[in-house]
Amino acid sequence: MRISGDCGGLVKTGENNLNARIQVRHSPSHSDLDYYHAEYLNCAWLDGIPLYPFCVEDSIRTKPTFFYASRSDFLQIIINLEGVVRYSFHDRRITLRPGSLLLVPIDSEYGFETKGRIHKLVLEIKGPALGALSEMLGLNRVLLLTPPSVEPLVESIREIGVRIKEGKLPSDYADLFGSTYGLLILLSFYRKRRNRRNSLFTTLLQSLDQPSETVEPMTDIAKRLNVSTSTLNRLCRSGLKCSPSRHRLIRRLERAGELLANTSYSIKEIAQKTGYCNQFYFSSEFKRHFKVSPSEWRKHLKPAGPGD
């Protein structure tokens with residue numbers, strides 16, 4: 001793979017000219033990785049192959065970054081091994097945590113941002129039949145899956161990376177393509193087996209994580225999801241080891257920290273934007289969680305201006 005780009009973004013080149021029509025934007029620090037390893041498939045026998053693994057990427061980063069692409073010309077299977085990655089799509093936002101798997105279908109517009117240390121493993125899949133096969137398997141939309149354990153999936157993706165690197169004979173590539181197809185079948189099974197509990201948990205997280213100036217009461221969320229508030233409490237405590245109100249409080253304060261560091265809004269305005277009616281109560285909650293006041297947080301984290 002060759003990488004070219006300027007301050008406007010990073011563009012992968014070398015495979016075809018299709019990428020030239022993909023708009024890409026990212027932060028200056030996006031390519032500043034603590035660790036990066038990738039295996040790209042370079043095979044002479046791809047003509048007529050319905051689908052194949054294009055790339056396996058393993059990366060670690062600690063510097064905050066954002067990335068946006070107007071379209072993905074491959075299907076992505078993303079496993080977050082450490083930290084939190086927040087993805088944005090045209091109609092939803094998803095917070096990817098360790099233990100979950102995110103599937104981003106081909107042709108998706110997407111973006112993501114990170115704030116702390118993260119470790120991601122990504123499998124990119126291409127092929128002329130990928131679109132039709134994804135539709136048949138129900139993998140043609142963004143999916144957040146929580147399998148019983150991600151370790152077997154991590155091992156499968158790493159094994160695909162090894163086979164990409166070591167493949168030499170047609171039989172090697174036949175096994176490689178079969179493993180890739182088998183992985184998609186497995187994800188389709190996981191999608192079908194997601195029960196009401198998993199679906200509710202995902203929807204609950206999306207409701208709790210949604211940034212808003214008004215806080216939707218838990219009774220309203222429960223009514224919208226057609227369950228009791230006690231069910232939502234059990235789901236949240238089981239999946240996040242805390243109550244829904246505690247999780248939402250943490251997310252609101254994290255967003256407040258981001259606004260303090262990256263905007264010029266007053267503390268009162270930030271309190272309102274994160275659902276607090278009382279600025280002083282917001283400041284008290286912020287200091288209780290982060291051990292510093294909002295003004296101290298801003299002083300230490302907000303980038304200095306040209307005249308500072």
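Me: Which residue's side chain does the side chain of serine 293 join in a polar contact of 3.1 Å?
Reply: This is a predicted model, by the way. The polar contact runs from one serine side chain to another, at 3.1 Å. The partner of serine 293 is serine 295.

Me: Where is the place of serine 293 in the chain?
Reply: Helix H9 covers 279-290, and serine 293 sits in a loop that has H9 on one side. On the other side of that loop is H10, which spans 294-301. So the spot to look at is the loop between H9 and H10.

Me: Does serine 293 count as buried or exposed, and at what relative accessibility?
Reply: Buried takes a relative accessible area under 20%. Serine 293 makes that cut, so it counts as buried, at 16%.

Me: What is serine 293 in contact with, leaving aside its neighbours within four places in sequence?
Reply: Contact here takes heavy atoms within 4.5 Å. With neighbours within four places in sequence left out, serine 293 touches Phe286 and Lys287.

Me: Which helix supplies the largest share of the lining of the largest pocket?
Reply: The largest pocket holds about 1100 Å³ of space. It's lined by 42 residues, and Arg251 and Glu258 are among the closest to its centre. Helices H4, H7 and H10 are among the elements that each supply at least two lining residues. The largest share, ten residues, comes from H7.

Me: How many charged residues are in the lining of the largest pocket?
Reply: Split the lining by class and you get 19 nonpolar and 13 polar residues, plus the charged ones. Arg86, Glu113 and Lys115 are among the residues closest to the pocket centre. The charged count is ten.

Technical notes. Residues are numbered from 1 along each chain as its sequence is written. This is a predicted model: local features need pLDDT of at least 70, side-chain atom pairs count only at pLDDT 80 or more; totals for chains, interfaces and linings use all residues. Side-chain values use heavy atoms; hydrogens and water are left out. On a 1 Å grid over the protein atoms alone, a cavity is a set of points where a 1.4 Å probe fits but cannot get out, and a pocket is an open set with protein on both sides within 12 Å along at least five of seven lines; lining residues have an atom within 4 Å of a point. Grid points are joined across faces, edges and corners, and a volume is the space filled by probe spheres set on the points. Helices (H or I, at least four residues) and strands (E, at least two) are DSSP runs, numbered from the N terminus. Ala, Val, Leu, Ile, Met, Phe, Trp, Tyr, Cys and Pro count as nonpolar, Asp, Glu, Lys and Arg as charged, and the others, Gly among them, as polar. Buried means under 20% relative accessible area, exposed over 50%, partly exposed in between (1.4 Å probe, protein chains only). A polar contact is a pair of N or O atoms within 3.5 Å; within protein, one must be able to donate a hydrogen and the other to accept it, and residues adjacent in sequence count only if both atoms are side-chain atoms.
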